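User: I am new to this structure. Please look closely at its salt bridges, and then place them against the nonpolar parts.

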Amino acid sequence: MEEINAWGAYETGTAQNARSLGQSVVRRRPPAPAATATSGALRNEPSSPQVAADPADERLQPTISPVARAKSAHAVFFGTDDIASLKKTEGVPKDVEAVPEKEEPSKQTKEWMELRNMARDLFGVYFTTDDNSDDVSKLRKMKKAGLYTRINGTMPYLTAYLKKLQLPAPILNTILFTEASFRGIAQVYFQNSPLSGLFILVAMFVQSTRVAVHGIIALIAGNLAGVLMGFNKSFLSCGLFGYNSFLVGLALATFYSPEKHEGYYWPVAIGAIIFGYFSSILFVMLGKILSTYKTPPFTLPFNISTIFFLLAVGNMNNVDMSPVRSPELPSYDAEPVSMPTAKEFFAGTIRGVGQVFLANDIVAGILVLVGIMFCSRISALAALLGSGIGAGVAALVGCDRGLIENGLYGFNSSLTMTSMLMFYVPSVGSLITGIIASIITVFIQLALATSFEPCGLPAMTLPFCLAALAYIVIQGTTSNVISVPLSSMTTPEDHLKRVLRLSNGFDLLLGAIKSTERTSRRDSWLRISSVNTMARRLEKEEGSRRLSVTGLSFPKKNTFVEEEEDTIEFMFKHVDADKKYAITTFQFKRFLQDVGLLDEVGLDFACKAFDLMDFDHSGDIDIEEFIAFSRISKHMPKIQRLIIKFFNFVDVNGDHSVEICELDGARSYLGLPPLSEEDQERLHSLCNEANELDFDVIVNFVTVFKLKSIIKQYHHKREQGHDLSTSIHSSVAL
């Protein structure tokens, strides 16, 4: 399942170069009216609050073959490398087109039903399907998902699962509110995971039960503010109202008393409620201001709310609360300070992660790190690295060893480093940017500590906010790193995966364009001597274990799943009705019609894919080629979805068509040069009357190229003497 984007509803405007990373929902909407894009102009549509949507809806969406929906005037002829119209399969009699609407009673057996389901699962990728309940591959994938898969990342399935339990409304709403609260706790470190929030809350109880209770009180108040004010529900469901208020409660309780489990004081609890509530109001207010720059308010609401309370206490005679630090003028007397020991340094690094939540217990810091790791390993490493950088810089400039050991110079730089690898795609450039920003954060912290000293106020996370805002606002103005807009933010791992998918998509597109230079009916790699081919096979397979299927002997590969192998063998025997130990295109098409795959364009596509497997050019394929074709077809839905996701990224205006300027804009986003004039000319031959590339047509074009590349690589591996399973695996892995 796709990760949850917590900030999708936050971004309401547009920003320079803030291109969506491609929410990987497979869009199959009707084409919008054609619109002419301004030359070179790229923009993002306002992000809709998709974060509150039921993730189960996406799982049930059908995978619709763009090939099957391609317009015949712009489709790609499968048998050649030229861009032309999709033609009917030659040599197939017309009488096979008529297929009875109902299956023969003799076929309504368990064995036939299994065979039919297998055929639809394997070859359905070439056809259009409107049956939402027939998305077998996605449902099976969800059923087979292990425990780690379910608790990893943003856990997008959880909300849908809770709603499917059909609990009474009050109980369900309470559970969903609790889930949102856990997400809010984790959002302090940009982690949209309830499991991360649970670990962090446990860490707070390890540190101090009294402080943790005040954090929960403020967290509830902050979330209730969003409910009572009627703010966007997506903010609440992803914890955006909770993270500032949770910090407010922790700070007020920590600054009041060092007691861990005792020392409850009613003014502090009331202050946690009031200012936890107020932090949510500040979040929305600052969000309206900063959304113009595609920037979140970070923890500014927490800092402002806490400072207001601490300053107000000075005039509250009925509230017995001392300043956080003794107010005094800053001193510039230089005193020699020894460097911290290795033990103190590493203890300070671990504590720095926990100090984000005002916890200096090492166990608490470890629990916070573990919680972050469940959502993102990159973020956990960034948090630890940032804390170490902060401690190291503080040690080099001669800061107090006790403060370094307690992590007080690590927590701001820890947040800064984590934000850099969240708002920028993980890379060497973003890592260097994060290191520099973390170093700057330490100096900002030292400057603010001096500035706040006369008032007795702590700097809290203001240094992080100032440093991070400076680097996030400049998104789109630098080409050394790839920025991640709020509308696409999930986890660093997901960001990296999407950018790699984009790069691979361009490789496929350029490969498909280059393939149009070849004009032969069949490539040279298809012209293989059947005698030489069979001789090599017999030499390779000599001595191997064989299995007899209707008199045909072929090697049985232990790497195949037994049930799947048996079904494919049974399928081959069923299609090979004349017992010639090979099946023709005519027989294969008739079989597809028998199992209910009747779409004409899909049949034509499947038959042409079937013809490509006839690499000895004999007019039919044997059982080994049929097994290879079946297993390659099984991988095609995944490959096709990746291609669709790539073009979803490119189609930034969502008009169901791709323009050359959009392709150039996406390449510019990756720091690549525009398409060459030759490549543009070849793509223009695919364009419609509005000089646009229809979405289905361009996806069809690239899908065809990828399928041919896979089969070509398979033939090449077999010619080198590799076994069947290895050849298929290596081909699909490309």
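Analyst: The salt bridges come first, followed by the nonpolar cores and a surface patch.

The model is predicted, so local features are given only at pLDDT of at least 70 and side-chain atom pairs only at pLDDT 80 or more, while totals for chains, interfaces and linings use all residues. Residues are numbered from 1 along each chain as its sequence is written, and side-chain values use heavy atoms, with hydrogens and water left out.

A salt bridge here is a side-chain nitrogen of Lys or Arg within 4 Å of a carboxyl oxygen of Asp or Glu. Seven of them turn up in a search of the whole structure. One is formed by the side chains of Arg-401 and Glu-344, at 2.8 Å from N to O. This pair ties together distant parts of the chain, 57 residues apart: Arg-401 belongs to helix α16 (residues 401-405) and Glu-344 to helix α13 (residues 342-355). Helices (H or I, at least four residues) and strands (E, at least two) are DSSP runs, numbered from the N terminus. Glu-344 is buried, at a relative accessible area of 15%, whereas Arg-401 is partly exposed, at 25%. Buried means under 20% relative accessible area, exposed means over 50%, and partly exposed lies in between (1.4 Å probe, protein chains only).

Two further salt bridges each sit within one helix. Arg-590 and Asp-594 meet at 4.0 Å, N to O. They are four residues apart in helix α23 (residues 585-594), so about one helical turn separates them. Arg-590 is partly exposed, with a relative accessible area of 40%.

Lys-608 and Asp-604 form a salt bridge at 2.9 Å, N to O. They too are four residues apart, in helix α24 (residues 600-612), and about one helical turn separates them. An α-helix has 3.6 residues a turn, so residues three or four places apart point the same way. Both Lys-608 and Asp-604 are buried, and Asp-604 has a relative accessibility of 4%. Their side chains are also joined by a polar contact of 2.9 Å. That term means a pair of N or O atoms within 3.5 Å; within protein, one must be able to donate a hydrogen and the other to accept it, and residues adjacent in sequence count only if both atoms are side-chain atoms.

Next come the nonpolar parts. A nonpolar core is a set of buried Ala, Val, Leu, Ile, Met, Phe, Trp, Tyr and Cys residues joined through side-chain atoms within 4.5 Å. The largest has 149 residues, of which Phe-123, Tyr-126 and Phe-357 touch the most other members. Helix α25 (residues 623-650) gives the most to this core, with 14 residues. Beyond its neighbours within four places in sequence, Phe-123 is in contact (heavy atoms within 4.5 Å) with residues including Met-571, Phe-588, Leu-592 and Phe-629. Another core, of seven residues, lies apart from the largest one and includes Tyr-157 and Leu-162.

Tyr-157 and Leu-162 are among the buried residues of helix α5 (residues 157-164). Gln-166, which follows α5, has a positive phi, near 55°. Leu-165 lies in the loop between α5 and α6 (169-186) and is partly exposed, with a relative accessible area of 38%. With Tyr-161, Leu-167, Ile-171 and Ile-175, Leu-165 makes a nonpolar surface patch of about 410 Å². Patches consist of residues with over 30% relative accessible area and no salt bridge, with like charges joined within 9 Å and nonpolar side chains (Val, Leu, Ile, Met, Phe, Trp, Tyr) within 5 Å. Accessible areas come from the Shrake-Rupley method with a 1.4 Å probe; for residues, only the protein chains shown count as cover.
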